[in-house]
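Dear colleague,

Please find below the structure that I am handing over to you, with its sequence. My notes on what was found in it follow directly after.

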Amino acid sequence: MKNKSELDGYLGPNVHIKGDLLSENTLRFDGVLEGTLVAKDELIMGTEGKVRGQVVGRKLSLAGHVEGDVYAAGSLELLNGASVTGQVCGASVHVREGAVVDGRCLMGKWAETAMGPVRQKYNL
């Protein structure tokens, strides 16, 4: 995981967004979003991060809370304290001790099938 000096963008806990957010590069997200969060590179969501909507990206490392589906074209890591209420889908999924998934987890050929429309929509 990158430290703050290596990040391309940072949105802190005082940031509240209603709408969609697209990051072309590495983003650290500790805010609140109601909408879709798309990270074309890497997304690091801290413990204060909250998303009500989809989270989509290449490499996702989540420690916050998501109410919606999570799609990772590459790796997805759910860290201690992370919670997802919705479908989790990735080529590689790691659920650490203390993380919670309330929904389906899709990997392998099932993930590829579910990711097809998402990859196309967001050009991942």
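Two strands are taken to pair if DSSP finds at least two bridges between them. The model is a predicted one, and on that footing six strands form an open sheet with parallel pairing, in the order β2-β5-β7-β9-β11-β13. At its edges lie β2 (16–18) and β13 (100–102), each of which pairs on one side only. Neighbouring strands of this sheet are turned by 5 degrees against each other on average, with direction ignored. At the β13 edge, the parallel partner is strand β11 (residues 83–85), joined to β13 by three bridges. One of the pairs here sets Ser83 against Val100 in β13. In general, strands of a sheet pair through backbone hydrogen bonds, either parallel or antiparallel.

A second group of strands

Other pairings involve β6, β8, β10 and β12. Strand β6 (37–45) is joined in parallel to β8 by seven bridges. Within this pairing, Leu37 stands opposite Val55 of β8, and Glu42 has Lys59 of β8 as its bridge partner. Strand β8 (residues 55–62) in turn pairs with strand β10 (residues 70–78) in the parallel sense, over six bridges. Val55 has Val70 as its bridge partner in β10, while Val56 stands opposite Tyr71. From β10 the pairing continues to strand β12 (residues 88–95), again in the parallel sense, over seven bridges; there Glu77 is the bridge partner of His94.

Strand β6 also pairs with two short runs that precede it in the numbering. Three bridges join it to β3 in parallel, with Ser23 opposite Ala39. Three bridges also link β4 and β6 in the parallel sense, with Phe29 opposite Met45.

How enclosed are these strands? Eight of the nine residues of β6 are buried, so this strand is largely enclosed by the rest of the structure. Strand β8 is mostly covered, with six of its eight residues buried.

The loop residue Thr26

Thr26 is found in the loop between β3 (21–23) and β4 (27–29). Is Thr26 buried or exposed? Its relative accessible area is 0%, and because the cut-off for a buried residue is under 20%, Thr26 counts as buried. The side chain of Thr26 makes a polar contact of 2.9 Å with the side chain of Asp41. Between the C-alpha atoms of Thr26 and Gly98, which are 72 residues apart along the chain, the separation is 25 Å.

Helix α1

Helix α1 covers residues 108–122; at 1.5 Å a residue its 15 residues should span 21 Å, and the end C-alpha atoms are 20 Å apart, which agrees. The helix nevertheless has a kink of about 45 degrees at Met115, shortly before the proline Pro117. Four residues of α1, namely Ala111, Met115, Val118 and Tyr122, are buried. Among the elements that cover the buried residues of α1 are β6, β8, β10, β12 and β14 (105–106).

Tyr71, a residue in contact with the helix

Tyr71 is placed in strand β10. With a relative accessibility of 8%, Tyr71 counts as buried. Leaving aside neighbours within four places in sequence, its contacts include Ala114, Met115 and Val118. Tyr71 is also in contact with Gln54, Val55, Val56, Gly57, Leu60, Gln87 and Cys89, again leaving aside neighbours within four places in sequence. With Gln87 there is in addition a polar contact between the side chains, at 3.4 Å. The C-alpha atoms of Tyr71 and Val101 are separated by 13 Å, the two residues being 30 apart along the chain.

After the helix: Asn123

Which residue just after α1 takes a positive phi? The residue is Asn123, whose phi is about 55 degrees although Asn123 is not a glycine. As general background, most residues other than glycine have a negative phi. Asn123 lies in the segment after α1 and is exposed, with a relative accessible area of 58%.

To draw the main points together: the open sheet of six strands is parallel, strand β6 is largely enclosed, and α1 carries a kink at Met115. I would be grateful if you would view these places in the model yourself.

With kind regards

Definitions and conventions: Residues numbered from 1 in each chain as written. Predicted model: local features only at pLDDT ≥ 70, side-chain atom pairs only at ≥ 80, totals over all residues. Heavy atoms only, no water. Axes fitted to C-alpha atoms, helices over the stretch in contact; angles between N-to-C directions. Expected span 1.5 Å × (residues − 1). Bend = angle between axes of the 7 residues up to and from the residue. Buried < 20%, exposed > 50% of the residue type's maximum accessible area, 1.4 Å probe, protein only. Contact = heavy atoms within 4.5 Å. Polar contact = N/O pair within 3.5 Å; in protein donor to acceptor, adjacent residues only side chain to side chain.
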